[in-house]
Amino acid sequence: MLSVELVQQGSFSYRSLKTLSELGTKEAKIFYKAVRLMCRFNEEHSGRLLTGLYKKPTLINIFSSSGKVSLNLNQFGLSYTHLISLAELGLIHQQEIESAPYNSKDTLKLSQNKQSFDVVVKQKDVVFTYYKLTPSGYELSRLVNPPNDSDFINYLLRDFGDLLSGNYDVTTKA
């Protein structure tokens with residue numbers, strides 16, 4: 001980070017430098033896990049830490065929970081208390097965010113680290129829930145170069161299979 005800042009001053013904000021100075025080893029490992037699981041839609045720069053997906057309820061299915069899918073990030077080493085720690089450090093926003101509803105047959109380019117997948121929304125009014133990086137979190141995430149996590153992508157695409165479809169081939173770890 002310092003070498004980038006020395007070459008091109010103003011690459012990182014003062015807030016990012018201050019946040020980095022406050023990070024301990026434990027918090028840095030948690031942030032690394034979060035960046036490893038970060039996804040991007042289409043050509044967005046900042047990442048999203050997806051937590052779920054659902055179909056907006058209609059009068060017919062208002063009491064049904066069959067359209068909701070929640071991701072268990074704890075399975076990949078990122079618990080809810082870790083998310084709270086990241087929010088307290090100012091690396092992610094404190095509130096979970098909902099995307100605008102996507103329509104049936106909308107195509108999204110989902111990127112996770114160095115892998116990209118084209119997915120098509122199967123039903124109308126599909127909404128993603130996620131935590132978004134703060135500007136400081138985004139600046140610091142550019143310093144992290146995590147490996148691809150095929151297990152997470154397989155989990156994500158499998159669990160979202162009821163509301164999304166696509167032609168993707170995810171190679172698993174040997």
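In the predicted model, buried residues make up 43% of the 174 residues of the protein chain. The chain exposes about 10,100 Å², of which carbon and sulfur atoms supply 50%. Its secondary structure comprises 6 helices and 8 strands, which follow one another from the N terminus in the order α-α-α-β-β-β-α-β-β-β-β-α-α-β. Among contacts with a sequence separation of 6 or more, 73% link residues that are 24 or more positions apart.

The largest nonpolar core contains 42 residues, and the members that touch the most others are Leu49, Leu50, Leu78, Phe128, Leu156 and Phe160. Two or more residues each are given to this core by helices H3 (25-36), H4 (80-88) and H6 (150-159), together with strands E2 (48-55), E5 (107-112), E6 (115-121) and E7 (126-132). Helix H6 provides the largest share, 5 residues. In soluble globular proteins, nonpolar side chains tend to be buried together. The surroundings of Phe160 illustrate how the core is assembled: beyond residues up to four places away in sequence, Phe160 touches Leu50, Gly52, Leu53, Val69, Leu71 and Phe128. Leu50 and Phe128 are themselves among the core members with the most contacts to other members.

An open sheet of 4 strands is arranged in the order E3-E2-E7-E4, with antiparallel pairing. Strands E3 (68-70) and E4 (97-98) occupy the edges; each has a single partner strand, so one side of each lacks a neighbour in the sheet. At the E4 edge, E4 and E7 run antiparallel and are joined by 2 bridges, with Ile97 standing opposite Tyr130 in E7.

Strands E5 and E6 also pair in the antiparallel sense, over 6 bridges. The two strands form a hairpin with 2 residues between them, and Asn113 in the turn adopts a positive phi of about 60°. Gln112 has Gln115 of E6 as its bridge partner. In a regular strand the side chains alternate between the two faces of the sheet. Strand E6 shows such an alternation: Gln115, Phe117, Val119 and Val121 point to one face and are buried, whereas Ser116, Asp118 and Val120 point to the other face and are not buried. The buried face thus includes a polar residue, Gln115, and the opposite face includes a nonpolar one, Val120.

Helix H4 has a buried side formed by residues that include His82, Leu83, Leu86 and Ala87. Viewed down the helix axis, the buried residues of H4 fall within an arc of 140°, so they line one face of the helix. The face turned away from this buried side carries the exposed residues Thr81 and Glu88. The cover over the buried residues of H4 includes H3, E2 and E7. Just after H4, Gly90 takes a positive phi of about 85°.

Within H4, Ala87 has a relative accessible area of 12% and is therefore buried, the cut-off being under 20%. Leaving aside neighbours within four places in sequence, Ala87 is in contact with Ile92, His93 and Gln94. The C-alpha atoms of Ala87 and Lys132 lie 9.9 Å apart, although the two residues are separated by 45 positions in sequence.

A second buried helical position is Val35, located in helix H3, with a relative accessible area of 6%. Apart from residues up to four places away in sequence, Val35 touches Asn113, Ser141, Val144 and Pro146. One of these partners, Asn113, is the residue with positive phi in the turn of the E5-E6 hairpin. Val35 and Gly137 are 102 residues apart in sequence, yet their C-alpha atoms are 9.4 Å apart in space.

The count of salt bridges comes to 1. This interaction joins the side chains of Glu44 and Arg48, with an N to O distance of 3.2 Å. The two residues fall into separate accessibility classes: Glu44, at 25% relative accessibility, is partly exposed, while Arg48, at 11%, is buried. Arg48 also lies at the start of strand E2 (48-55), a strand that is flanked in the open sheet by E3 and E7.

Key:
Residues are numbered from 1 along each chain as its sequence is written. This is a predicted model: local features need pLDDT of at least 70, side-chain atom pairs count only at pLDDT 80 or more; totals for chains, interfaces and linings use all residues. Side-chain values use heavy atoms; hydrogens and water are left out. A nonpolar core is a set of buried Ala, Val, Leu, Ile, Met, Phe, Trp, Tyr and Cys residues joined through side-chain atoms within 4.5 Å. Buried means under 20% relative accessible area, exposed over 50%, partly exposed in between (1.4 Å probe, protein chains only). Contact means heavy atoms within 4.5 Å. Two strands pair if DSSP finds at least two bridges between them. Accessible areas come from the Shrake-Rupley method with a 1.4 Å probe; for residues, only the protein chains shown count as cover. A salt bridge is a side-chain nitrogen of Lys or Arg within 4 Å of a carboxyl oxygen of Asp or Glu. The arc is that of the directions from the helix axis to the C-beta atoms.
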